[in-house]
Amino acid sequence: MADEATRTAFLEIQASMIDLTGKLKQVQTQMRNKEGDRKRAYLTLEELRPLPPHTNTYKSIGRTFLLEPKTVLEGEQEQKLKDSEATIASLQTSRENLEKKIAEVENNLRELLQQEPGITRQIMSMSM
């Protein structure tokens, strides 16, 4: 009976670890994407700022370019930069929380293995 409970606990911990690891990878991917968006907006702003105020500027929409005032393009890029930074901060918090949860699950697994040394052999036989 104890073996079955231990095995069930291990399987729950394993499922939790797989789920948390997947979520962490997803958050990291989203962070990389937002970092690219942020960098693109920053570099675009750096190119727009030195231009004279009444310069013809064009906005890319698919395969079409639309004539837009410089101030409109600067405003859009500043907004993209702010949005990206806010999203990155939110994702950073999520990543930290997931890392804490993963550490908890790892500790739970260590405790389980210390309480039941025989479960290691069972785990090894399950994975083969």
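## A walk through the model, starting at Gln 77

Select Gln 77 and show what surrounds it: setting aside neighbours within four places in sequence, Gln 77 is in contact with Ala 41, Thr 44, Leu 45 and Leu 48. Gln 77 itself sits in helix α2. Is Gln 77 buried or exposed? With a relative accessible area of 11%, Gln 77 is buried, because anything under 20% counts that way.

Before you go on, keep in mind that you're looking at a predicted model. Colour the protein chain by confidence and you'll find an average pLDDT of 90, with 91% of the residues scoring at least 70. Where is confidence lowest? Go to helix α3, residues 119-127, where the mean is 67. For the other end of the scale, pick strand β2, residues 64-68, which has the highest confidence at 95.

**Stop 1: Glu 74 and its surroundings**

Stay in helix α2 and click on Glu 74, which lies there too. Leaving out neighbours within four places in sequence, Glu 74 touches Leu 45, Leu 48 and Arg 49. Leu 45 and Leu 48 should ring a bell, as they were on the contact list of Gln 77. Glu 74 counts as buried, at 17% relative accessibility.

Now add Lys 70 to your selection. Glu 74 and Lys 70 form a salt bridge, and their closest N and O atoms are 3.8 Å apart. Both residues belong to helix α2, 4 residues apart, which is about one turn of the helix. Lys 70 is buried as well, at 9% relative accessibility.

**Stop 2: a bridge between distant parts**

You've already met Arg 49 as a contact of Glu 74. Which residue does Arg 49 form a salt bridge with? Select Glu 78: the closest N and O atoms of Arg 49 and Glu 78 are 3.7 Å apart. This pair ties together distant parts of the chain, with Arg 49 in the loop between α1 and β1 and Glu 78 in helix α2, 29 residues apart. Arg 49 is partly exposed at 43% relative accessibility, and Glu 78 is partly exposed at 33%.

**Stop 3: a small network on α1**

How many salt bridges does the structure hold? There are 9. For another one, select Lys 34 and Asp 37, whose side chains meet at 3.9 Å, N to O. Both are in helix α1, 3 residues apart, about one turn of the helix. Lys 34 has a relative accessible area of 28% and is partly exposed; Asp 37, at 31%, is partly exposed too. Add Arg 40 to the selection and you have a network of salt bridges linking Lys 34, Asp 37 and Arg 40.

**Stop 4: into the core**

Time to hide the charged side chains and look for nonpolar ones. The largest nonpolar core has 12 residues: select Phe 10, Ile 13, Leu 20, Leu 24, Val 27, Met 31, Leu 91, Leu 98, Ile 102, Val 105, Leu 112 and Ile 119. Two elements give two or more residues to this core, α1 (2-48) and α2 (70-115). Which element supplies the largest share? That's α1, with 6 residues. In soluble globular proteins, nonpolar side chains tend to be buried together.

Zoom in on Val 27, one of the core residues. Not counting residues up to four places away in sequence, Val 27 touches Leu 91, Ser 94, Arg 95 and Leu 98. Leu 91 and Leu 98 are members of the core as well.

**Stop 5: out to the surface**

Next, head for the strands. Tyr 58, Phe 65 and Leu 67 make a nonpolar surface patch of about 370 Å². Tyr 58 is in strand β1, residues 57-61, and Phe 65 is in strand β2. Leaving aside neighbours within four places in sequence, Phe 65 is in contact with Tyr 58, Lys 59 and Ser 60. Phe 65 is exposed, with a relative accessible area of 57%.

**Last stop: Thr 71**

Finish back in helix α2, where Thr 71 lies. Is Thr 71 buried or exposed? Thr 71 has a relative accessible area of 60%, so it is exposed, since the cut-off is over 50%. Now add His 54 and check the gap: Thr 71 and His 54 are 17 residues apart in sequence, and in space they are 9.1 Å apart, C-alpha to C-alpha.

Key
Residues numbered from 1 in each chain as written. Predicted model: local features only at pLDDT ≥ 70, side-chain atom pairs only at ≥ 80, totals over all residues. Heavy atoms only, no water. Core = buried A, V, L, I, M, F, W, Y, C linked by side-chain atoms within 4.5 Å. Buried < 20%, exposed > 50% of the residue type's maximum accessible area, 1.4 Å probe, protein only. Contact = heavy atoms within 4.5 Å. Patch = residues over 30% accessible without salt bridge, like charges linked within 9 Å, V, L, I, M, F, W, Y side chains within 5 Å. Areas by Shrake-Rupley, 256 points an atom, 1.4 Å probe, with all protein chains shown as cover. Salt bridge = Lys/Arg side-chain N within 4 Å of Asp/Glu carboxyl O. pLDDT = per-residue confidence, 0-100.
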